[in-house]
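This report describes how the nonpolar cores and the two assigned domains of one chain are arranged. Please look at the structure below before reading on.

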Amino acid sequence: MASPLLDVSWDQCLLEPVPDRQAEAALRRETGSAPGWIRYFLSCPWLSRAAIRLGIDNKLLVALDFPTVDLIGLVVSQENSCRYCYAITRMALRVLGMSEERMQQLEQRLASGEMEPKVAAAIRFARRMTRASPLVTPQDLESLRAAGYSDAEIREMAFCVAFIAFFNRISTIPALPPHSWEQLADRWFIRLFRPLYARMVRGWRKRGQPASFARPPEGPFAGLLLQFEGSPIGPVLASALDDLWASPILSRRAKALMFAVIGRGLGCQSSGDEIAGVLEAEGLSPADAEQILAHLGGPRLGADETALLAFARDTIWYEPIQIQRRARELRERLSAAQFVEAVGVVALANSLCRLRAALPRRT
Amino acid sequence: MSFAYALFLVVVAAAAGLFAWQQHRLRILRARIEASTVELQRLQQSCALLAPAGVVERLFSDGPESIAEHKVFTAMFTDLVGYTALSGRLDPKTLAGVLNGYFQLVSDSVVEHRGRVGTFLGDGILIFFGALEPNPWQCNDAVHAALAIRDGLVRYNAELERTGLPRIAIGVGIHRGPGLAGLIGSRDRREYTVVGPTLNLAARVQALTREHDRDILLTESVREQLDPRFELIPMPAVPVKGIGEPVVTYTVLGGREAKKAGPRFEVRGTS
């Protein structure tokens, strides 16, 4: 028996993996790696870099332990019905030595909530934050503290939930093919050389070292970034955001509006406030912005911008097959690079807005 | 020597027996886990037919009591016009086919515009927008869904006529307001729904579609939140049972209705 998400309907992949030796070599220099799947995203340089640097096991976590992160990965990917990410997490656990029987027992315990109280609190928090309906409240953070998690662990846990969801969206929306990952753990070569592969997987998982910002963060979500002062997460997130705003593929105005739509859809007023300054700098007065955001349209929007806003709104809560169908419609009107950037923007916006709501002040 | 050999054989046989027994137990355990996982999945799939998927997931993870919240949502009631006459003209199997086609058309239009079908009430359907997840665009969604139903009905009627069946007509009432959304019912039987005066008024507005001879009517509270690019026609205020003031409603132009309504005018900013 394989992944319980096998029944989730999944469309044909909307992207072609395009090899680009130069870009891959540059990525290796900048980030230390260029895995095969990154070829789907190479047309959007900031997303390629962010997707590698924001890898949860890539030197970002200082306080939270990896077994908890693995459970959060399973729960969040299951909540988001992401076959691709769920299959990868499941495969990693199998390679690390978890038998299929133990894997299934774990999945049953996750479904029924029969876990050790501390772990159960983390799972509940991951579910609440992912569903965001309603948004996480300070009481949810208190429950984690009461269960025995430190403030540093809570911040990292919120980051993990938000950015596993980031990977869920960049995988689900373009329907990256999950099939090979779903079968991989049972392939003969993995079974034969499992100890070797287990060493490899353990080798990929690197704990982070305390780090500080090269320069104080500015602009939208600067307050959120400052909550990660001292953690390697802060500088990586700041760099992803700077790169996103600087990218010329989609207009800065369209990207800011997509962020604002997602913040509004989630009911996160503070996320809307974060982005208001960018909209004003892009020539949209608060009244103009309100008119656009209230109805996802208006005379000041072009047809592509209107389509991008409707798409952004659809990525807040979705069924995979529905969002993949809407993504296909968007793909038909945009270039490959524009489409990839749009996927990156909605993924980052959904994650940051949820994180902003979960960490309203220094915990 | 022969004793040692015999002892060795006994130990080997015992070890082999123990191993075989453990393997047998493992197979039984594996079969049980697989059976219960399949059972759990089947149960979740069955529940998904009775309530929205998100509700089923919350029901499994957090329990039924967790699903009850006060929300501002948009309720839509649709009803078949002249169902009684239709049921007298068609045999039960044909009638069921016509009804199922209408239910499917409404359901598809609603899901396409992020609504949830709450309950089938005879030939009527209760639909809500913004009850499960926050939805600041719920009024626009509801009106888009109503227009999609209107357009879909044109195609469905053409299909019915081709097969010699009578055309059908529907009335749609839309109202926005507060209510309780959750798993409501007795200890033995509950369903995910919304309750409160918002539903009552949506149902009454749906009934007004006959009086005003319009297929879609919406209330002032919907109009206030609506994209001004929708073209609305105000209807005369009408007293409604249970409501103190006469109720002002609007019909919306679009699709077939727009063609027969003649000159259009917008009601931006008016009440």
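The largest nonpolar core has 124 residues, and I72(A), V161(A) and M258(A) have the most contacts inside it; such a core is a set of buried Ala, Val, Leu, Ile, Met, Phe, Trp, Tyr and Cys residues joined through C-beta atoms within 7 Å, where buried requires 20 or more other C-beta atoms within 10 Å of a residue's own, with C-beta atoms placed from the backbone. Helix α19 (residues 336-358) of chain A contributes 14 residues, the most of any element, helices being DSSP runs of H or I with at least four residues, numbered from the N terminus. Because domain 1 (21-204) and domain 2 (222-358) of chain A both give residues to this core, it lies between them; the bounds come from an automatic or database domain assignment.

This is a predicted model, in which local features need pLDDT of at least 70 and side-chain atom pairs count only at pLDDT 80 or more, while totals for chains, interfaces and linings use all residues. Residues are numbered from 1 along each chain as its sequence is written, and chains are lettered from A and ligands numbered from 1 in the order in which they are written.

The two domains of chain A compare as follows.

| Domain of chain A | Residues in contact with the other domain |
|---|---|
| Domain 1 | 30 residues |
| Domain 2 | 35 residues |

Contact here means C-beta atoms, placed from the backbone, within 7 Å. On the side of domain 1 of chain A that touches domain 2 of chain A, α8(A) gives the most, with 10 residues.

Note on methods. A residue is buried if 20 or more other C-beta atoms lie within 10 Å of its own, exposed if 12 or fewer, and partly exposed in between; C-beta atoms are placed from the backbone. Helices (H or I, at least four residues) and strands (E, at least two) are DSSP runs, numbered from the N terminus. Two residues are in contact if their C-beta atoms, placed from the backbone, lie within 7 Å.
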